[in-house]
Amino acid sequence: MRIAIVFHTGYGHTGRQAEAVAEGVRLVDGADALLVPVAEVERSWAVLEAAPAIVFGAPTYVAGPSAAFKTFQESTSNLVMAKGYLWKDKFAAGFTNSGAMAGDKLATLIQMALFAAQHGMHWVSLDLPPANCSTTGSEQDLNRLGCWLGAAAQSNTDEGPDRAPPEADLATARHLGRRVAQVTRQFVRGREALSL
């Protein structure tokens, strides 16, 4: 079961997040991950069509996904939707990174969820309570930024991808990858059982 992770990274921070999602996918028995940078998506359409799940990732720039990611999204109109909703009933999830703590990351995740819905995909949420929101919380907690829709990360603008995003955000991305793989495996096994 190979799960595709289609992402754009501007400075490398979102790329680290993508790698963490892939690590989480690989924690699930029988699951593998394939990282597909949007710059290389032209060679990967068949892989995306075969994948039972696609996780989308992009940095949040000016309250939305990066232009390179939007170009990928728009290309699916003719290459996926117009050819008969080729991604219908696949699973989808998303992750994003920005310099600010909030940074309007939710707007990017909502846009990704709507994109998945337009393709007839099933959205997988993060399934983590918000953290770091009480006196017992800390910056090291999973989901420290309090997103439900997908994995959010924050990278200080004066730190490179060798130092940011912080480990808590990478661990949250690993959690998302593992969750997508688990949900997808349940669905694939159920579909196989029904076909017996």
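Two residues are in contact when heavy atoms of each lie within 4.5 Å. With that in hand, turn to the structure, which is a predicted model. Start with helix α1 and helix α5. From α1, the residues Arg-16, Gln-17, Ala-20, Val-21, Glu-23, Gly-24 and Val-25 take part in their contact. From α5, the partners are Leu-170, Ala-173, Arg-174, Gly-177, Arg-178 and Ala-181. Sorted by class, this contact holds six nonpolar, three polar and four charged residues.

How do the two helices lie against each other? Helix α1 covers residues 13–26, and helix α5 covers residues 167–194. Their axes come within 6 Å and cross at roughly 45°. That angle makes α1 oblique to α5, because it falls outside the ranges for roughly parallel, roughly perpendicular and roughly antiparallel. The crossing of α1 with α5 is right-handed.

Now step back to the whole chain. It has five helices and seven strands. Read from the N terminus, the order is β-α-β-α-β-β-α-β-α-β-β-α. The chain has 196 residues, and a compact globule with that number would have a radius of gyration near 16 Å. The chain has 16 Å, so the two agree. The C-alpha trace spans about 50 × 35 × 25 Å along its principal axes. Buried residues make up 45% of the chain. Contacts can also be sorted by separation in sequence. Take those with a separation of 6 or more: 76% of them join residues 24 or more positions apart.

A second helix pair is α3 with α4. Helix α3 runs through residues 67–81, and α4 through residues 105–118. The axes come within 11 Å and cross at roughly 5°. This makes α3 roughly parallel to α4, because angles under 35 degrees count as roughly parallel. Which residues meet here? Helix α3 brings Phe-69, Lys-70, Phe-72, Gln-73, Thr-76 and Met-81. Helix α4 answers with Gln-111, Met-112, Phe-115 and Gln-118. Five of the residues in this contact are nonpolar, four are polar and one is charged.

Next, go back towards the start of the chain. Gly-10 sits in the loop between β1, residues 2–7, and α1. Is Gly-10 buried or partly exposed? Its relative accessibility is 40%, so Gly-10 counts as partly exposed. Setting aside residues up to four places away in sequence, Gly-10 touches Pro-59 and Tyr-61. Gly-10 and Ala-68 are 58 residues apart along the chain, and their C-alpha atoms are separated by 9.0 Å.

Thr-14 belongs to helix α1. At 2% relative accessibility, Thr-14 counts as buried. Its contacts, leaving out neighbours within four places in sequence, are His-8, Thr-9, Gly-57, Ala-58, Pro-59, Phe-95 and Asn-97. Pro-59 has appeared before: Gly-10 touches it too.

Move on to the loop between α3 and β5. Asp-89 is placed there, and so is Lys-90. Are these two residues buried or partly exposed? Asp-89 has 27% relative accessibility and therefore counts as partly exposed. Lys-90 has 6% and therefore counts as buried. Which residues does Lys-90 contact beyond its neighbours within four places in sequence? They are Leu-48, Glu-49, Ala-50, Ala-51, Pro-52, Ile-54, Met-121 and His-122. Thr-172 is another matter. Lys-90 and Thr-172 are 82 residues apart in sequence, and 22 Å lie between their C-alpha atoms.

The backbone has some points to look at as well. Phi of Asp-89 is near 70°, a positive value in a residue other than glycine. Asp-104 also is not a glycine, and its phi is positive, about 60°. Asp-104 is in the loop between β5 and α4. A cis peptide bond runs from Ala-164 to Pro-165, with omega near 5°. Pro-165 lies in the loop between β7, residues 151–154, and α5. This brings the tour back to α5, the helix that α1 passes in a right-handed crossing.

How values were computed:
Residues numbered from 1 in each chain as written. Predicted model: local features only at pLDDT ≥ 70, side-chain atom pairs only at ≥ 80, totals over all residues. Heavy atoms only, no water. Axes fitted to C-alpha atoms, helices over the stretch in contact; angles between N-to-C directions. Helix = DSSP H or I, 4+ residues; strand = E, 2+ residues; numbered from the N terminus. Parallel < 35°, antiparallel > 145°, perpendicular 65-115°, else oblique. Nonpolar A, V, L, I, M, F, W, Y, C, P; charged D, E, K, R; others polar. Left-handed = near helix turned anticlockwise from the far one by under 90°. Rg over C-alpha atoms; globule rule 2.2 N^0.38 Å. Buried < 20%, exposed > 50% of the residue type's maximum accessible area, 1.4 Å probe, protein only.
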